[in-house]
Amino acid sequence: MTVVHPTRGYADVLVGLQYGDEGKAKIIDLLAPDYDIVARFNGGANAGHTIDTPQGRVVLQQVPCAIFQPGTLLYIGSGCAVNLWKLVAELDQIAAHGVDLTGRLHVSDRAAVVQPVHLIVDERNSAGIGTTKNGMGPCYADRAYRMRGGARTNLQLRDVLADPAGTVAAMRAAAEAELAASGGDTAAAHRDLEERLTSFAACVERVRGYVQPRRTWLAEQVGAGARVLFEGAQSMMLDVVHGDQPYVTASHTVPAYAYVGGDLPPRFHRYTIGVAKAVMSRVGNGPFPSELGAERSAAYFAQAVSTGRGRAEEHAEFDVQLLRASTDELELGIAMRMLTHEYGSGTGRPRRIGILDLEQLREMVVAVGVDVVYLNKVDCLSLYGETMFNGIPVRVPATAEHGATRVLPSFSAAQLDAARPDELPLELLEFRSFVEREIGVPVIGFGMGPQRDQITQFFRLGEYAH
Ligand code: IMP
């Protein structure tokens, strides 16, 4: 018997393919009008999207993008780790922009709640991995622990809603035990803890109305015709298993996880959309095969983090054009960072810079099943023209004939005024074909500038048949 679903909707999953910060939010902005629901399925406040509006800046860490699209529903799935203090701050920011999320935002009641003890432990251990100190590792670890010393370790939103006072007591006990055991038992630590615990009950009440107790909610919406865009946080190279342990985030970032942490059956899946960046970056420690300056760059980054050296210091110290003309890859990397503004959006800390790694990109595209790729920061490739590469460097699998770095013909910034695909410089169209041959899937669009509308789209998603 054939089952027909005349009104059935579908879900597409958008993920970053490298080390995060590929400009996913810009692509989500572009695509969101074609969806009824934008949903998160992993991570928490370790993600960050900055949206500039005429009324000022909004920084979203946990609420899915698309807040300014009134008809769109927003979902935070059970795979996320929710920081209620930060969520309330986000809701306040959003409300200050006149946006009412009542009835629009739904948060799974099974999402894990970030507790003070998670923040304390992550703060203490952050240096080795270079975490964002949002408690992700300890929170997901406690979810897997379930119980320790006779006490529950994982609190889901549903537990917190059912007994706010009881959860505050449990959170206090866990945090105090940790502070005592780790010697972090200072007056400041206790003050900070008390502040969090005192404000917790009010945060719970503020969020209560958004909590979705029905695990079938999203499936029902899609079953009735809703179109979902899953917004992956972090990226493929930071997946807890598929990235390079231990330099990864604590959750799964791969698209298949949307159908676990996003509370939707996989039967609704349509496309997987990947986002990559033509000039790569990585924050945090760990392997980065195409890094300009290799280990020296990694060491420079580690020192910059420990000494608080960032955007301001680099711009004060270096002559960017001199560095750009250098034959030292580390120096070129610094110049590319300065010219392409690769600093943490909140912290200003430098990001490590690398050339486009097509070998790695292909591996991830095949491993996680990507249908189409958006490539951001393509305009920045023109900067390589007047460097020692004298063209666009890319990393490819080494063969007997050539090494791992190939250099493709460059184009100049002056050639880039055209936003239309048929008016792009020939070198850029050839670059697109080269990338497609190397990674094996179509490049659907190029990000050509910092503005959200500077995207050259080669075809629309619905025109692609797999
Ligand atoms: P955590 O997710 O805070 O535990 O950090 C683990 C690693 O993932 C660190 O290297 C972070 O810098 C990195 N990371 C986490 N979230 C993001 C992100 O949104 N963009 C880029 N890197 C991230």
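How far is a nitrogen atom of the ligand from an N or O atom in the side chain of Asp21? I will come to that in a moment, after a word on the model itself. What we are looking at is a predicted model, in which local features need pLDDT of at least 70 and side-chain atom pairs count only at pLDDT 80 or more, while totals for chains, interfaces and linings use all residues. Residues are numbered from 1 along each chain as its sequence is written, and side-chain values use heavy atoms, with hydrogens and water left out.

Now to the ligand. The distance at Asp21, from a nitrogen atom of the ligand to an N or O atom of the side chain, is 3.5 Å, and a polar contact here is a pair of N or O atoms within 3.5 Å. At Asn46, an oxygen atom of the ligand lies 2.9 Å from an N or O atom of the side chain, and at Gln234 the side chain has an N or O atom 3.3 Å from a nitrogen atom of the ligand. On its own the ligand has 470 Å² of accessible area, and the protein covers 94% of it, as computed by the Shrake-Rupley method with a 1.4 Å probe.

Around the ligand there are 16 residues, of which Asn46, Gly130, Thr132, Gln234 and Thr249 come nearest; a residue is counted as near if one of its heavy atoms lies within 4 Å. This shell divides into six nonpolar, eight polar and two charged residues, with Gly counted among the polar ones. Domain 1 (10-109 + 211-276) and domain 2 (112-209) each contribute at least three residues to the shell, the bounds coming from an automatic or database domain assignment.

Let me turn to the sheets, where strands are DSSP runs of E with at least two residues, numbered from the N terminus, and two strands pair if DSSP finds at least two bridges between them. One open sheet has ten strands with mixed pairing, in the order β11-β7-β5-β2-β12-β1-β13-β16-β19-β20. Its edges are β11 (211-212) and β20 (455-457), each of which has a single partner strand, so one side of each is left without a neighbour in the sheet. Within this sheet, β5 (residues 73-76) and β7 (residues 105-108) pair in the parallel sense over three bridges, and Ile76 has Val107 in β7 as its bridge partner.

The other open sheet I want to show has four strands, ordered β14-β15-β17-β18, and again the pairing is mixed. Here β17 (residues 392-395) pairs with β18 in the antiparallel sense over four bridges, and Pro393 has Val407 in β18 as its bridge partner.

Definitions and conventions: A polar contact is a pair of N or O atoms within 3.5 Å; within protein, one must be able to donate a hydrogen and the other to accept it, and residues adjacent in sequence count only if both atoms are side-chain atoms.
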